Amino acid sequence: MVKRRLFPQLAGILFLLVLGSSVISAQLSQGHLIKVEVPEVLHMEVGEGEIAFNLSTPNAGEQYPPVSYPAYYTPTSDRKYASIKVYSNYAQDWMLMIYGQADFGAAPTIEWSLNGEEWYPLEAGGQMLTKGGFTSGWSEIKVYYRLVIDGSEYGGEEYKVNVFYNLTAM
């Protein structure tokens with residue numbers, strides 16, 4: 001008779017345990033989708049400030065008037081190069097062009113370089129400065145400039161050359 005009483009009690013305890021565990025496991029989960037759309041970006045920033053050549057006080061080792069031609073001068077301004085930053089998460093390659101435009105007439109020649117060794121005359125028609133692809137963040141490109149005096153007659157005026165950069169996808 002003791003066995004009969006224990007069985008309903010044991011069954012009741014088990015029923016409560018199963019009911020309690022089903023209440024705990026009956027918690028529901030719900031969610032939602034987060035959708036992120038990252039646009040393709042090809043962006044360029046150009047550092048501020050101007051690059052100046054003051055031949056009244058040229059840099060050490062540079063003399064004006066020159067002893068011989070052509071004579072080369074480096075910037076006397078605090079800014080010695082132009083900083084161009086390019087950002088691309090673009091799937092295609094890109095090309096950075098450079099071109100210059102004098103304010104008036106024939107100004108002395110300005111040359112540009114990416115490494116300070118290979119120099120190219122700045123042209124109004126434009127030239128390819130460099131090309132690239134995915135940059136994995138901002139990529140800085142330093143463009144160095146020098147002034148070339150070839151023996152032509154210049155003087156008594158301030159010459160200004162505007163430099164432009166054009167970044168395009170290829």
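**View 1. Val163 is partly exposed in this predicted model.** Its relative accessibility is 28%, so Val163 falls between the limits of 20% for buried and 50% for exposed. Val163 belongs to strand S9, which covers residues 161-169.

**View 2. Val163 meets residues distant in sequence.** Beyond the neighbours within four places in sequence, Val163 is in contact with Ile98, Tyr99 and Gly100. Leu122 and Tyr145 are also contacts of Val163. Leu122 is 41 residues from Val163 along the chain. The C-alpha atoms of this pair are 8.5 Å apart.

**View 3. Strand S9 pairs with strand S4.** S4 spans residues 94-102. The two strands run antiparallel and are joined by nine bridges. In this pairing, Trp94 stands opposite Ala169 of S9. Strands of a sheet pair through backbone hydrogen bonds.

**View 4. S7, S4 and S9 make an open sheet.** The strand order is S7-S4-S9, with antiparallel pairing. S7 (127-132) and S9 are the edge strands. Each has a single partner strand, so one side of each lacks a neighbour in the sheet. From one strand to the next, the twist averages 20°.

**View 5. The whole chain holds one helix and nine strands.** Along the sequence, the helix precedes the strands, in the pattern α-β-β-β-β-β-β-β-β-β. The chain has 170 residues, of which 22% count as buried. Among contacts with a separation of 6 or more, 80% link residues 24 or more positions apart. The chain exposes about 12,400 Å². Carbon and sulfur atoms supply 54% of that area.

Technical notes: Residues are numbered from 1 along each chain as its sequence is written. This is a predicted model: local features need pLDDT of at least 70, side-chain atom pairs count only at pLDDT 80 or more; totals for chains, interfaces and linings use all residues. Side-chain values use heavy atoms; hydrogens and water are left out. Helices (H or I, at least four residues) and strands (E, at least two) are DSSP runs, numbered from the N terminus. Buried means under 20% relative accessible area, exposed over 50%, partly exposed in between (1.4 Å probe, protein chains only). Contact means heavy atoms within 4.5 Å. Accessible areas come from the Shrake-Rupley method with a 1.4 Å probe; for residues, only the protein chains shown count as cover. Two strands pair if DSSP finds at least two bridges between them. Axes are lines fitted to C-alpha atoms, for helices over the stretch in contact, and angles run from 0 to 180 degrees between N-to-C directions.
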